[in-house]
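Visitor: Could you take me in for a close look at one charged spot on this protein? Please take your time and tell me how it sits in the rest of the picture.

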Amino acid sequence: MIIPVGRAIIVDDVGWFNGEDERMKNGSARSGIPRFHTPSDVKALNAVAEGLGVKIGCSLVLGEWDKNNRLRNVPHVTANPDTWDAKGNMNMEYVEAYFEALEESAGLEYYVHGLMHAYYIEGKLHTARQYYPTIFDKDGKDIGFVWLPREEFRNMIELFYEIYGDWGFKKELKTFVSPCGCRGKVDDEGNIEYAKVLREFGMDYWANGWMNHNKHVDTIEGMITSKGRCIAPWNAYGINLAPLDNKRIDTHLGAHLANFIRYNPEDNFEYTDAWVKYFDGNYNYFGAMLAKDNSESSSQTLYSRFAKTEKTAEGYTIDLSAVDALRAGGLKNELFVSFRDGVSPKNA
């Protein structure tokens, strides 16, 4: 008997209008596919979710959705804060169709990601890490980072919620995914301050590629933090599906929207069935289970790591006291166990 980790699918960079990488023009990396996104892009992703019977998490980037120009005069989030005019550049018919496709996709849930997925200094692109500005040496080498002041970070999160509310997105936001992963350790003071802000907004989960998170799952200020890995380069589209190394058990597998779609939108559904088989075959085995969403994934993996199981003459006992002591806000009141080799549960 084992308590398996719960595994979820998290897809970053959902919400860009133009997918083309514009870093050479002082813009954002965007989603990496050199075309405008279409409603069928998210519908294809939804088809994978529905084929698996789960919800796929979409880490939203909402800067281009700023129809009330809330980002005007806000430092560090755009290249042109003084003249920012998302409203004037917006094709409302296109955006409304995109919005409807997202809202109608029952297999997708939304996570907080970023505004323009970048940090600017004096109008120049500094880094794609919106919340962790990088420190570079004279040769351009990444030698460290700084955390944003709490109020600047809070303002960025609040702006995201305001744009989200402007459009009337209805799905509850409970998960945070930082662009380009997290820096530092889970219990570093800067990340603790970030978590305090996120808790103000009611978020229970922080799912990311934590650079210094060796435990796969932990807690910070009552949030469950989970570590994942990317299954393909962020800007790879029309890709073939490679088998996963199942010796590494991560809480979730990260991906990017480009990975699931094709250059020609009319071909988007060509591989959806293959994606379903891919995830089903790589997620469900003894020691891991495909969770219905990130909340179940995070909660289940917390049980997997902290609950203590013991084999006795009568069977198995499970001690949950260490899990309860974490006081995680998003912990579910249920957990799953797996059996093999003829072992089966019996009613007490």
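Guide: Let's start with Glu 193, which has a relative accessibility of 22% and so counts as partly exposed. Keep in mind as we go that you're looking at a predicted model. Burial here means under 20% relative accessible area, so Glu 193 falls in the band between buried and exposed. Now find Arg 150, which is also classed as partly exposed, at 31% relative accessibility. The side chains of Glu 193 and Arg 150 meet in a salt bridge, with 3.0 Å from N to O. Glu 193 belongs to helix H4 (residues 189-200) while Arg 150 belongs to helix H3, so this pair ties together parts that are 43 residues apart in sequence. And the two have company: salt bridges that share partners join Arg 150, Arg 154, Glu 158, Glu 193, Lys 196 and Glu 200 into one network.

How many salt bridges are there in the whole structure? A full search turns up 19. Let's visit a couple of others. Arg 70 and Asp 166 bring their side chains together in a salt bridge, 2.7 Å from N to O. Arg 70 sits in the loop between E2 and H2, and Asp 166 is in helix H3 (residues 150-167), so here the parts being tied together are 96 residues apart in sequence. Arg 70 itself is partly exposed, with 31% relative accessible area. Then there's Asp 21, whose side chain meets that of Arg 23 in a salt bridge, again listed at 2.7 Å, N to O. Asp 21 has a relative accessible area of 28%, which makes it partly exposed, and Arg 23 counts as partly exposed too, at 43%.

Back to the neighbourhood of H4. Asp 204 is in the loop between H4 and strand E9 (205-208). Buried or exposed? Asp 204 is buried, since its relative accessible area is 10%. Setting aside its neighbours within four places in sequence, Asp 204 touches Lys 174, Arg 199, Gly 222, Met 223, Ile 224, Gly 329 and Gly 330. Look at Gly 330 in particular: that residue is 126 residues away along the chain, yet its C-alpha is separated from that of Asp 204 by 5.1 Å.

For a surface spot without that kind of charge pairing, turn to Ile 143, which lies in strand E7 (residues 142-145). Ile 143 counts as exposed because its relative accessibility is 53%. Together with Ile 135 and Val 146, Ile 143 makes a nonpolar surface patch of about 240 Å².

Now a helix on the inside. In H6 (residues 294-306), 11 of the 13 residues are buried, so this helix is largely enclosed by the rest of the structure. The buried set includes Asn 294, Glu 296, Gln 300, Leu 302, Tyr 303 and Phe 306. With 13 residues at 1.5 Å each, H6 should span 18 Å, and its end C-alpha atoms are 18 Å apart, so that agrees.

Helix H1 (residues 39-52) gives you another one to try. Its 14 residues reach 21 Å from the first C-alpha to the last, close to the expected 20 Å. Among the buried residues of H1 are Val 42, Ala 44, Leu 45, Val 48 and Leu 52. What do the buried residues of H1 pack against? Their partners include strand E1 (5-14), strand E3 (108-114), helix H2 (92-104) and helix H5 (272-283). Right after H1 comes Gly 53, with a positive phi near 75°.

Finally, zoom out. The protein chain has seven helices and 15 strands. Its radius of gyration is 21 Å, close to the 20 Å the globule rule gives for 348 residues, so the chain is as compact as a globular protein of that length. The C-alpha atoms fill a box of roughly 70 × 45 × 40 Å along the principal axes. Buried residues make up 54% of the 348. The chain exposes about 15800 Å², with carbon and sulfur atoms supplying 48% of that area. And of the contacts between residues at least 6 apart in sequence, 71% join residues at least 24 apart.

Conventions. Residues are numbered from 1 along each chain as its sequence is written. This is a predicted model: local features need pLDDT of at least 70, side-chain atom pairs count only at pLDDT 80 or more; totals for chains, interfaces and linings use all residues. Side-chain values use heavy atoms; hydrogens and water are left out. Patches are made of residues with over 30% relative accessible area and no salt bridge: like charges are joined within 9 Å, nonpolar side chains (Val, Leu, Ile, Met, Phe, Trp, Tyr) within 5 Å. Accessible areas come from the Shrake-Rupley method with a 1.4 Å probe; for residues, only the protein chains shown count as cover. A salt bridge is a side-chain nitrogen of Lys or Arg within 4 Å of a carboxyl oxygen of Asp or Glu. Helices (H or I, at least four residues) and strands (E, at least two) are DSSP runs, numbered from the N terminus. Buried means under 20% relative accessible area, exposed over 50%, partly exposed in between (1.4 Å probe, protein chains only). The expected span of a helix is 1.5 Å times one less than its number of residues. Contact means heavy atoms within 4.5 Å. The radius of gyration is taken over C-alpha atoms; the globule rule is 2.2 Å times the number of residues to the power 0.38.
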